[in-house]
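Please open the model in your viewer, with a cartoon representation and a means of selecting by residue number. The tour below moves from one selection to the next and says what is there.

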Amino acid sequence: MRKYIHGETIRKYLKDALAVDVEIKKFRNNISGESNYVFYNKKTDLAVFSEKGDGKFACFNSNGDSVDINDIYGYAHEDEVKREDSELLFKTDTLSIRIGDSYVQNDYISNMEEEIYPDRTNIVLNAMFTHNHFTTDLTSFYVDEIVYASDEEFDSIRQGYDSELLEEYNKKHYEKISDGVHGIVVIGDNGDGLLIDTQGFDYARYMSYAPHIKDYIDTAIENEMAQKAKLEMKLYVPLTVTVYDEEYDDEKVIDGSMYSKEIREKIRTENRIDGNRGLAEYFWSDEKCKNKVYSIKPDVEFVHGVMMGVAVIKMTKPLNNEELDSLKDYVTGQFSDAWGESFEQHEISVSGGEIYVHFWNSENYYIKTEQELNEAEQEQGMEMNMNM
């Protein structure tokens, strides 16, 4: 979660939630000498704001009448606010926004902050740009973000037409730089790229053509993600171990916990084949989630005495609930139809024969985080105590 949130993000959040324009204004208490920044309905005549303590406050219009409290969405002490490039930023952990009788979870606003004010990549290229048949000197180009376009969209942007991709890019605010230019890289299906400085326009105002840049960009992104992927999360699934029963010509479920070492060795052999990112190499279902998840690697682990299948996730940033659901769906697909289907068809040699390991089955499958597993265990324990 970001340490600070821009005032513009708060305005947009309240605009989307309430369909109102929000004013952010500084009010000073002449008695205490303290100042607060107040978020309120722009149509409201707010002339006086005074904090009482315990989250309570008094506010009056220019006629001295009380202002409807529902038109005040929150406030922040002056020492919890900083100014950068004429923009106000508010401390996330002390920010308090209220809609009606409910307070907004700052996670929601912080997620919007990351969308409007995203971090740029660490990639810096050198390029000469063309504009109206004029070519600039070689300059440093800081890559804000990379997007992939169809050949049709790529050609349209290259020919100078307005683009929805560039329109969406222009809605975001990247940190200013002083020793070059910054912008977006658009990569086509054939691997060629366009380095674009839009300067706020929805077409490629300044553009540099970069043939065959995709491989370089993909490697740079992977290296950057590898450096940033400091967070780890695990997703757990039920594990089924079977042996082939010749008498019944079918597989028979066994307790495979005694073979955990052999199973883990087999999985790690598969992981080495899949490379540094493991199953995340194919994770294209959610653009934002994909850029947070660096690697996904299967494993086995004992939880509450039971051997379970695990997907070990390395991330650059925490996932919100929507992104976590997307990741769970992807891992489930890998365990049921892709990686897992291949893995369960290859026998594992153990003392006494061969076993088969299944990360998915249709009867009692679930996928949970460690926290969700512990909560389920606690609920089960409470139910057992109530039935005793």
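**First stop: an open sheet**

Select strand β18, residues 231–238, together with β25, and you will find the two paired in the antiparallel sense over 2 bridges; strands here are DSSP runs of E of at least two residues, helices are runs of H or I of at least four residues, both numbered from the N terminus, and two strands pair if DSSP finds at least two bridges between them. Within this pairing, L235 stands opposite T369 in β25. Extending the selection shows an open sheet of 4 strands in the order β21-β22-β18-β25, with antiparallel pairing. Its edge strands are β21 (293–303) and β25 (368–369), each of which pairs on one side only.

Before going on, please note that this is a predicted model, in which local features need pLDDT of at least 70 and side-chain atom pairs count only at pLDDT 80 or more, while totals for chains, interfaces and linings use all residues. Residues are numbered from 1 along each chain as its sequence is written, and side-chain values use heavy atoms, with hydrogens and water left out.

**Second stop: a hairpin**

Now select β19 (residues 240–245) and β20 (residues 250–254), which run antiparallel and are joined by 5 bridges. One of the bridge pairs to display is Y244, whose partner in β20 is E251. The two strands form a hairpin with 4 residues between them, and D249 in the turn has a positive phi of about 50°.

**Third stop: an enclosed strand**

Move to β3, residues 35–41, where 7 of the 7 residues are buried (under 20% relative accessible area, with exposed meaning over 50% and partly exposed in between, for a 1.4 Å probe and protein chains only); the strand is therefore largely enclosed by the rest of the structure. Which strands pair with β3? One is β2 (residues 22–28), which pairs with β3 in the antiparallel sense over 7 bridges, and another is β6 (residues 72–77), also antiparallel, over 5 bridges. Residue V38 is a useful one to centre on: V38 is the bridge partner of K25, and V38 also stands opposite Y75 in β6. β2 and β3 form a hairpin with 6 residues between them, and G33 in that turn has a positive phi of about 80°.

**Fourth stop: a loop residue**

Select T136, in the loop between β13 (134–135) and β14 (139–148). Is T136 buried or exposed? T136 counts as buried because its relative accessibility is 17%. Leaving aside residues up to four places away in sequence, T136 touches M128, F129 and Y206, where contact means heavy atoms within 4.5 Å. A distance label between the C-alpha atoms of T136 and S208, which lie 72 residues apart along the chain, should read 9.9 Å.

**Last stop: the whole chain**

Zoom out to the full protein, whose secondary structure comes to 10 helices and 25 strands. Taken along the principal axes, the C-alpha atoms fill a box of roughly 90 × 75 × 30 Å. Of the 388 residues, 44% count as buried. Among contacts between residues at least 6 apart in sequence, 61% join residues at least 24 apart. Finally, colour by charge: the mean positions of the 41 positive and 78 negative charges are 8 Å apart, with Lys and Arg counted as positive, Asp and Glu as negative, and His and the chain ends not counted; each charge is placed at NZ of Lys, CZ of Arg, CG of Asp or CD of Glu.
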